[in-house]
Amino acid sequence: TIEIDAKKEQIHISADGTTFRLNTPSTEPPERNGGKEGESFTIKGGKLKHLLEQTLPFASKDATRLILNGILLEGAGKENNTVATDGHRLCVAKFVGEIGIESAKVTIPEKLAQLIIRAVGEEDETKIVVKENVIDVSGPDYEIQGSLLNGDFPDYKNVIPAKNSHRFDVKRKELLESLNRLSLMTDHVCCGVKLSFREQEVSL
């Protein structure tokens, strides 16, 4: 006997003492240009692509926490962020500059972010309209509209230390070249890279 219990955002399927909890995201396509009028702002296409590309690799693939399967787009006056985390790693990409929005906090699904990255041109003046549960991204010859992820993205600012007792500045290119050479001898499961810092030297 299989028991199926439909919740608001989940379906529970039980049989022989085992219960599966499956998320049920809406399969209804968003009504084109429907719903309430949202807040809109404009950003350069190259900057939008950069913000999404920096954070997309950090988005979770865990089906039990859908809100982490996307990228948080956070606007706050002159400082605007995209944020992604899988619960173990966190990336915050920042853009400082007035883009004409006072406040926004929406989570873009991973697949929608990939579509935006492919469609947006570097020099496009990209218009973003945020509605109740829909985001609309448009440029000179395209318009992308998709549903946003429902739920509250975790308060990522609480896990970032306000102060660090140690700070070490290095040249980005040299560090990346060293890490690329070491990556031939490492893997992400059991062997990482150890960094040792001295006054004028870092050893990997």
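The second largest pocket of this predicted model has a volume of about 170 Å³. Its lining is made up of Phe 168, Asp 169, Val 170, Lys 171, Glu 174, Leu 175, Ser 178, Val 202 and Leu 204. By character, these lining residues divide into 5 nonpolar, 1 polar and 3 charged. Helix H3 gives the largest share of the lining, with 3 residues.

One of the lining residues, Phe 168, also takes part in an aromatic contact. The structure holds 1 aromatic pair, formed by Phe 168 and Phe 197, and the arrangement is tilted, with 4.9 Å from centre to centre and 55° between the planes. Phe 168 sits in the loop between strand E11 (143–147) and helix H3 (172–182), while Phe 197 belongs to strand E12 (residues 196–198), so the pair ties together parts that are 29 residues apart in sequence. Neither ring-bearing residue has to be sought in the interior: Phe 168 counts as partly exposed because its relative accessibility is 30%, and Phe 197 likewise counts as partly exposed, at 48%.

Turning to the interior, the largest nonpolar core has 26 residues. Within this core, the residues with the most contacts are Leu 48, Ile 108, Ile 116, Ile 128, Val 130 and Ile 135. Two or more residues each come from strand E4, helix H1 (45–55), strand E5 (70–76), strand E7 (90–96), strand E8 (104–109), helix H2, strand E9 (125–130) and strand E10 (134–138). Of these elements, H2 provides the largest share of the core, 4 residues. A second core, separate from this one, has 6 residues, including Leu 68, Val 83, Phe 153 and Tyr 156.

Helix H2 is also home to Lys 111, a residue that counts as exposed because its relative accessibility is 66%. Although Lys 111 and Gly 70 are 41 residues apart along the chain, their C-alpha atoms are separated by 8.3 Å.

A word on confidence helps in reading these details. The chain has a mean pLDDT of 83, and 87% of its residues reach 70 or more. Helix H2 (residues 110–119) has the highest confidence, at a mean of 93, whereas strand E4 (residues 39–44) has the lowest, at 79. As a general caution, predicted coordinates should not be read in detail where pLDDT is low.

Definitions and conventions
Residues are numbered from 1 along each chain as its sequence is written. This is a predicted model: local features need pLDDT of at least 70, side-chain atom pairs count only at pLDDT 80 or more; totals for chains, interfaces and linings use all residues. Side-chain values use heavy atoms; hydrogens and water are left out. Rings of Phe, Tyr and Trp (its six-membered ring) pair if their centres lie within 6.5 Å; planes under 30 degrees apart count as stacked, over 60 as edge-to-face and the rest as tilted. Buried means under 20% relative accessible area, exposed over 50%, partly exposed in between (1.4 Å probe, protein chains only). On a 1 Å grid over the protein atoms alone, a cavity is a set of points where a 1.4 Å probe fits but cannot get out, and a pocket is an open set with protein on both sides within 12 Å along at least five of seven lines; lining residues have an atom within 4 Å of a point. Grid points are joined across faces, edges and corners, and a volume is the space filled by probe spheres set on the points. Ala, Val, Leu, Ile, Met, Phe, Trp, Tyr, Cys and Pro count as nonpolar, Asp, Glu, Lys and Arg as charged, and the others, Gly among them, as polar. pLDDT is the predictor's confidence in each residue, from 0 to 100. A nonpolar core is a set of buried Ala, Val, Leu, Ile, Met, Phe, Trp, Tyr and Cys residues joined through side-chain atoms within 4.5 Å.
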